[in-house]
Amino acid sequence: MDLYCVMGNPVEHSRSPRIHARFAQLCGQQLEYGRRLIPLGAFAEGIAAFRREAAERGDAALGCNITVPFKFEAAALAQHTSERALLAQAVNTLCFEADGGIRADNTDGIGLVNDIVRNAGVPLQGKALLLIGAGGAAAGVLGPLLDAGASRVVVANRTVDKAVELVRRHAAIALRHGASLEAWALDEVPGAFDVVVNATASSLAGDAVPVKASVLREGGLAVDMMYGPAAAGFMAWAEAHGAVARDGLGMLVEQAAESFEIWRGVRPPSAQVLAEIRAELK
Ligand code: ATR
């Protein structure tokens with residue numbers, strides 16, 4: 001059997017096993033996707049153990065998704081890391097090659113883009129986009145948002161220096177696309193945006209949305225990268241100010257779809273699975 005898993009700490013809350021099992025079922029793929037709790041400080045050992053235990057059982061460990069807090073150390077184990085993962089400085093997908101090598105990628109950003117463009121039906125070409133936050137979650141999506149053709153992108157963060165650094169790291173990609181890319185403090189963001197993406201942990205902390213409502217355009221899209229109760233505050237705020245609110249469940253399913261395609265060479269019906277998972281959560 002071909003084996004995959006999600007590795008993290010904590011990992012019991014992860015919906016990835018459910019999503020990938022459904023993808024496999026709908027695509028007629030024979031595989032098992034589990035979850036593995038990896039002790040802090042023992043990520044490399046966790047990977048080695050997954051591969052060794054699979055081999056001992058006569059199975060093949062072919063890949064894994066990486067979640068908190070290991071996304072930043074996963075690249076160090078890989079012989080090849082994709083350009084988008086290098087830019088994000090984070091990895092969420094590993095492929096284990098037959099020769100023992102490891103390839104690393106990051107599908108979070110393209111997952112967000114696909115959810116916005118395909119599932120929400122909002123093209124990003126030529127749009128003004130505000131990314132709130134400059135931590136790991138924001139870094140994972142900025143490159144793909146620029147690749148999707150947004151023409152004006154502002155990164156706003158509580159700690160402005162981190163937004164400046166993230167913008168600096170993405171300057172070449174913005175230039176390549178002819179997009180403007182700026183860093184601002186949260187309360188100084190100029191203008192209004194077609195799409196606002198919340199990549200901060202502020203709702204988790206129960207804090208108010210850290211930007212003024214004038215950044216939202218009437219009928220614009222406001223996406224929180226979280227889902228469930230963690231996204232509720234931002235979504236209620238966005239709706240109260242005339243925007244269309246969206247949580248991060250679509251991004252979760254779409255990043256999984258991208259990983260699945262990398263591993264299996266088959267595109268799963270992600271919109272169908274998103275609808276199913278959303279119904280299960282109600
Ligand atoms: P993640 O991987 O989820 O992005 P992170 O790297 O710790 O986690 O980043 C958390 C992000 O949420 C940062 O942009 C952080 O702002 P700072 O860089 O200034 O710390 C932001 N954040 C967290 N709590 C916040 C709050 N109460 N108000 C505004 N921004 C907040």
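Where is Leu3 found in this chain? Before I answer, let me say that what we have in front of us is a predicted model, and I will speak of it in that sense throughout. Leu3 is found in strand 1, which covers residues 2–8, and with a relative accessible area of 6% this leucine counts as buried. If you then look for Ala139, you will see that it stands 136 residues further along in sequence, and that the two C-alpha atoms are 29 Å apart in space.

Let us follow the chain onward from strand 1. In the loop between strand 1 and helix 1 we come to Pro10, and the peptide bond that leads into this proline from Asn9 is cis, with omega near 10 degrees. There is another cis bond to point out, from Val68 to Pro69, where omega is near 0 degrees, and Pro69 lies in the loop between strand 3 (60–66) and strand 4 (80–81).

Both of these prolines fall in a stretch that carries an annotation, for an unreviewed UniProt entry places the feature "domain: Shikimate dehydrogenase substrate binding N-terminal" at residues 6–94. Over those residues the chain is 36% helix and 24% strand, and the C-alpha atoms at the two ends are 10 Å apart. The unreviewed entry in UniProt also gives the feature "binding site" for a set of residues, including Ser14, Arg15, Ser16, Thr67 and Asn92. Of these, let me take Ser16, which is found in helix 1, residues 16–27, and which is buried, with a relative accessible area of 7%.

Now please turn to the loop between helix 3 and strand 5, where Gln89 is found. Phi of Gln89 is near 55 degrees, which is a positive value in a residue other than glycine, and Gln89 is partly exposed, at 49% relative accessible area. Ala90 is found in that loop as well, but Ala90 is buried, with a relative accessible area of 5%. Ala90 and Asn106 are 16 residues apart in sequence, while their C-alpha atoms are 6.8 Å apart in space.

A word on the cysteines, where the question is how many disulfides there are. The count comes to zero. Cys64 is in no disulfide, and the nearest cysteine sulfur, which belongs to Cys5, is 5.0 Å away, whereas a pair would have to be within 2.5 Å to be counted. For Cys95, the closest cysteine sulfur is that of Cys64, at 9.0 Å, which is too far for a bond. Cys64 is buried, because its relative accessibility is 0%, and Cys95 also counts as buried, at 7%.

Finally, I would like to look at the second largest pocket, which has a volume of about 180 Å³. It is lined by 15 residues, and the closest to its centre are Arg84, Gly143, Pro144, Asp147 and Ile173. Which helix gives the most to this lining? That is helix 5, with five residues, although helix 3 (83–88), helix 4 (108–119), helix 5 (136–147) and helix 7 (171–177) each supply at least two. By class, the lining has eight nonpolar, three polar and four charged residues. And why does this pocket lie between domain 1 and domain 2? Domain 1 (2–106 + 251–281) and domain 2 (109–247) both give residues to its lining, and therefore the pocket lies between them.

Methods. Residues are numbered from 1 along each chain as its sequence is written. This is a predicted model: local features need pLDDT of at least 70, side-chain atom pairs count only at pLDDT 80 or more; totals for chains, interfaces and linings use all residues. Side-chain values use heavy atoms; hydrogens and water are left out. On a 1 Å grid over the protein atoms alone, a cavity is a set of points where a 1.4 Å probe fits but cannot get out, and a pocket is an open set with protein on both sides within 12 Å along at least five of seven lines; lining residues have an atom within 4 Å of a point. Grid points are joined across faces, edges and corners, and a volume is the space filled by probe spheres set on the points. Helices (H or I, at least four residues) and strands (E, at least two) are DSSP runs, numbered from the N terminus. Ala, Val, Leu, Ile, Met, Phe, Trp, Tyr, Cys and Pro count as nonpolar, Asp, Glu, Lys and Arg as charged, and the others, Gly among them, as polar. Domain bounds come from an automatic or database domain assignment. Buried means under 20% relative accessible area, exposed over 50%, partly exposed in between (1.4 Å probe, protein chains only). UniProt positions are given in the numbering used here, feature names are shortened, and annotations may be inferred rather than shown by experiment.
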